[in-house]
Amino acid sequence: MDEQPSRRDVLRGALAAGAALTLTGSLSSCGSRPDAPRAMSGGDQWRQFQGATLNFISENTAPTAAIAADLSPFTKLTGINVNIVTLELTALVQRVALDLASGRAQYQVIYADPYQVLAPYHKGLVDLRTMQADPNLPDLPGGVGDFIPAQLDAAGKFVDPESIYTLPYDAPTMIWQFRQDLFTKYHDRMAHDLGFDPTPSGERTWDEYYKIAAWFDKNATADVKYGTGHQARQHDSLMNDFSNVLWSYGGAYFDHGKEVGRLGAVDPGPCRLDSDAAIAGAEFYNRLLAIADPASKTWDWDGVGAAFRGGRLAMCPNWHEFAASNEQVMPGKAGYSPLPKGPAGTANMYGGTGVGISANTLPHERGAAWLFIVWATAPQTQLANLKSKAGGGTPTRTSVYELPEVRAAEHRPSQMPNMLTAAAVRQAWQPDKIGLRPKIPMWNECNTAIFTGLSRMLTGGTSPEETMRSIKARVDTIVARGWVA
């Protein structure tokens, strides 16, 4: 019997032409800029680009903080130096757009937000299958199949289900964070007064969440000032906070919302925020924010996180990676659950991002960049990040969650406090529970229209129905213009 070709051989053959075309374009655009050095050192694939210098541009996130705090393992392994530039996301997007348009790669490695970088500028990123198929480069440990599937699609792909532009790097996800100590203290009284078990879980409803918040407002002011708080500032945070409710009520930004969120679309069609379900979600959200801490309208995720840690709130929806700082400030007092459900189920906003390689990189630079992103997303690096005092993040690889020491860290006392959220996020990442905003090239402008309209609603400027219809009209105008990168 003839020997069957390996998966890597198949990839290598299928992608040879595409790789050549991409390489030609990169060489012509980069002019006379010198490439990184290359010298095979005794056949060691990890040392072939020693002496090279890479620039990695990233949002200021937990895994990047952990990696920046100790790059020595990578430098020792490869001989490659890495400069890390961290920026707020809006500034990062502007810098990356200019760099990609320049035809040169000031930043070889890019933290590619799925909505503001990947969707509009995916043509400026390397299809990483070309790197995986190169026999001269190290393979991905565990392969792409080790990444959590929903995250690989949402963070790494755009429209084409085969091309992979980034490797999942972080996975912040919104969950229900609550004062476990206060829910224990008041459990029986709440259950008696409210007529249901108030224990947070994905089976609680948003209406029950509202009633729990109102109960704390009335009955527990000696312990906390408000029952709930939210990231409802006129900012991206407001869109995230609202979307969890929107989806749970059966509302959607566009038709085929799951597909548009997971793989993306160039033209998603008409906005559906004027549906009855979307309007009902907006009405509930407006009612919920009316009893929330009034400062919610000034907070993004950092603000509500600080208020929760400061003992001001009994509960809040927030990104799960705040668990580390919760444990540092109030050890043992916080609990974590998937968000409540609405008439259509539960939805937990995913905010993960991948790392990719600029298509403007020269051949050896590209190889060096591949070594870095393979190392940065490798199981052993993700485990080290979990243990890091400088950062943290949570793994994007299934195999890391299966390690005995990581499993043990899901329970207190934990040396990896973000793992205390593992049971909640495992549920939140299920295909029917993960919340995925639209991955479209013009999302940044649509997002601004959404949170601007919502902010006007929360300050009493427009009714929920007027708000949804107004946002729909604005988003339709934006989408109709199309996108040209």
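Is the crossing of α12 and α21 left-handed or right-handed? The tour opens with this pair of helices in a predicted model.

**First stop: two crossing helices**

Select residues 276–291, which form helix α12, together with residues 464–481, which form helix α21. The axes of the two helices come within 8 Å and cross at roughly 125°. An angle that is neither under 35 degrees, nor over 145, nor from 65 to 115 counts as oblique, and α12 and α21 are therefore oblique to each other. As for the opening question, the crossing of α12 and α21 is right-handed.

Next, display the side chains where the two helices meet. On α12 the contact is made by A278, I279, A282, E283 and N286, and on α21 by P464, E465, M468 and R469. Colouring these residues by chemical character shows five nonpolar, one polar and three charged.

**Second stop: along and beyond α21**

Remain on helix α21 and select R474, which is found there. With a relative accessible area of 39%, R474 is partly exposed, because that class lies between the limits of 20% and 50%. Now add C446 to the selection: R474 and C446 are 28 residues apart in sequence, and their C-alpha atoms are 7.8 Å apart in space. Leaving aside residues up to four places away in sequence, R474 touches E445, A449 and R481.

Continue into the segment after α21, where W483 lies. The relative accessibility of W483 is 35%, so W483 also counts as partly exposed. Select P441 as well: W483 and P441 are separated by 42 residues in sequence, with a C-alpha to C-alpha distance of 6.4 Å. Again not counting residues up to four places away in sequence, W483 touches P120, Y121, P441 and M442.

**Third stop: the buried face of α2**

Select residues 62–69, helix α2, and highlight its buried residues, which are P63, T64, A66 and I67. Turn the view to look down the axis of α2. Its buried residues fall within an arc of 160°, so they line one face of the helix.

What do the buried residues of α2 pack against? Three strands may be selected in turn: β1 (53–59), β2 (81–87) and β4 (167–170). Two helices complete the surroundings, namely α15 (363–376) and α16 (379–387).

**Fourth stop: backbone details in three loops**

Move to the loop between α18 (404–408) and α19 (422–428), where P413 lies. Select R412 together with P413 and inspect the bond that joins them. This is a cis peptide bond, with omega of about -5°.

Proceed to V159, in the loop between α7 (149–156) and β4. The phi of V159 is near 65°, a positive value in a residue other than glycine. V159 has a relative accessible area of 39% and is therefore partly exposed.

The last selection is H256, placed in the loop between α10 (236–248) and α11 (257–262). H256 is not a glycine, yet its phi is positive, at about 55°. Is H256 buried or exposed? Its relative accessible area is 60%, and H256 is therefore exposed, since the limit for that class is over 50%.

Terms used: Residues are numbered from 1 along each chain as its sequence is written. This is a predicted model: local features need pLDDT of at least 70, side-chain atom pairs count only at pLDDT 80 or more; totals for chains, interfaces and linings use all residues. Side-chain values use heavy atoms; hydrogens and water are left out. Axes are lines fitted to C-alpha atoms, for helices over the stretch in contact, and angles run from 0 to 180 degrees between N-to-C directions. Helices (H or I, at least four residues) and strands (E, at least two) are DSSP runs, numbered from the N terminus. A crossing is left-handed if the near helix is turned anticlockwise from the far one by less than a right angle, and right-handed if clockwise. Contact means heavy atoms within 4.5 Å. Ala, Val, Leu, Ile, Met, Phe, Trp, Tyr, Cys and Pro count as nonpolar, Asp, Glu, Lys and Arg as charged, and the others, Gly among them, as polar. Buried means under 20% relative accessible area, exposed over 50%, partly exposed in between (1.4 Å probe, protein chains only). The arc is that of the directions from the helix axis to the C-beta atoms.
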